[in-house]
Amino acid sequence: QVQLVESGGGLVQAGGSLRLSCAASGSISSINAMGWSRQAPGKEREFVAIITRGGSTSYADSVKGRFTISADNAKNTVSLQMNYLKPEDTAVYYCRTLGIRSYWGQGTEVTVSS
């Protein structure tokens with residue numbers, strides 16, 4: 001069992017920045033990678049970014065160059081630095097684990113105004 005708690009969401013103007021954080025607890029050894037997905041109203045949940053235990057990262061094309069995912073393995077936390085935010089980035093952002101099973105956080109809402 002893995003528990004994930006996200007924080008850092010909020011309201012920001014276009015062009016601004018936010019930093020999301022996710023703290024993991026429980027069966028940490030079962031986690032191969034962690035990442036972020038997002039879901040806007042009426043849309044499917046979509047991949048945003050992932051980071052592996054070895055530090056390899058991958059990003060969705062829509063956020064590449066603007067978002068940066070990082071991890072502090074000692075603290076079991078993953079962060080998502082979001083810069084140059086656009087209204088299209090408005091969504092609930094979910095932290096997730098990747099492994100034998102996937103676990104999801106409760107989500108944190110990001111609203112980008114124009």
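**Strands, burial and two positive phi angles**

Trainee: Which strand do six bridges join to β1 in an antiparallel run?

Mentor: Happy to start there. Strands here are DSSP runs (E, at least two residues), while helices are runs of H or I with at least four, and both are numbered from the N terminus. Two strands pair if DSSP finds at least two bridges between them. Six bridges link β1, running antiparallel, to strand β3 (residues 18–26).

Trainee: What kind of model is this, and from which number are the residues counted?

Mentor: This is a predicted model, in which local features need pLDDT of at least 70 and side-chain atom pairs count only at pLDDT 80 or more, while totals for chains, interfaces and linings use all residues. Side-chain values use heavy atoms, leaving out hydrogens and water, and along each chain, as its sequence is written, residues are numbered from 1.

Trainee: Thanks! How many strands does the protein chain have?

Mentor: Read along the sequence, the pattern is β-β-β-β-β-β-β-β-β-β. Zero helices are present, and the strand count is 10.

Trainee: What is the radius of gyration of the protein chain?

Mentor: Along its principal axes, the C-alpha trace spans about 40 × 25 × 20 Å. The radius of gyration is taken over C-alpha atoms, and the globule rule is 2.2 Å times the number of residues to the power 0.38. For 114 residues a compact globule would come out near 13 Å, and the protein chain agrees, with 13 Å.

Trainee: What share of the residues of the protein chain counts as buried?

Mentor: Let's fix the terms: buried is under 20% relative accessible area, exposed is over 50%, and partly exposed lies in between (1.4 Å probe, protein chains only). Of the 114 residues in the protein chain, the buried share is 39%.

Trainee: Back to β1: which residues form its covered face?

Mentor: A general point helps here. In a regular strand, side chains alternate between the two faces of the sheet. In β1 (residues 2–7), the uncovered face holds Gln3, Val5 and Ser7, and the covered one holds Val2, Leu4 and Glu6.

Trainee: Which residue of β3 is the bridge partner of Leu4?

Mentor: The bridges between β1 and β3 give a few examples. Ser7 has Ser21 as its partner in β3. For Leu4, the β3 partner is Ala24.

Trainee: Which strand is joined to β3 by six bridges and spans residues 77–82?

Mentor: One bridge partner of Arg19 to look for is Gln81. The six bridges from β3 run antiparallel to strand β8.

Trainee: Is Cys22 buried or exposed?

Mentor: Cys22 lies in strand β3. With contact meaning heavy atoms within 4.5 Å, and neighbours within four places in sequence left aside, the residues touching Cys22 include Leu4, Trp36, Val78 and Cys95. At a relative accessible area of 1%, Cys22 is buried.

Trainee: Asn76 also caught my eye; what is its phi?

Mentor: Good spot. Asn76 lies in the loop between β7 (67–72) and β8, and at 29% relative accessibility it counts as partly exposed. Most residues other than glycine have a negative phi. Asn76 is not a glycine, yet it has a positive phi of about 55 degrees.

Trainee: And what value is the phi of Tyr84 near?

Mentor: Tyr84 sits in the loop between β8 and β9. Its relative accessibility is 59%, so it counts as exposed. Tyr84 is a residue other than glycine with a positive phi, near 50 degrees.

Trainee: How far apart in space are the C-alpha atoms of Ser113 and Ile100?

Mentor: Ser113 belongs to strand β10 and is partly exposed, with a relative accessible area of 30%. Ile100 is in the loop between β9 (91–99) and β10 (108–113), and it counts as exposed at 85% relative accessibility. The two are 13 residues apart along the chain, and their C-alpha atoms are separated by 38 Å.

Trainee: Which residues does Ser113 contact, leaving aside neighbours within four places in sequence?

Mentor: Ser113 has its place in strand β10. With those neighbours set aside, its contacts are Leu11, Val12, Gln13 and Ala14.
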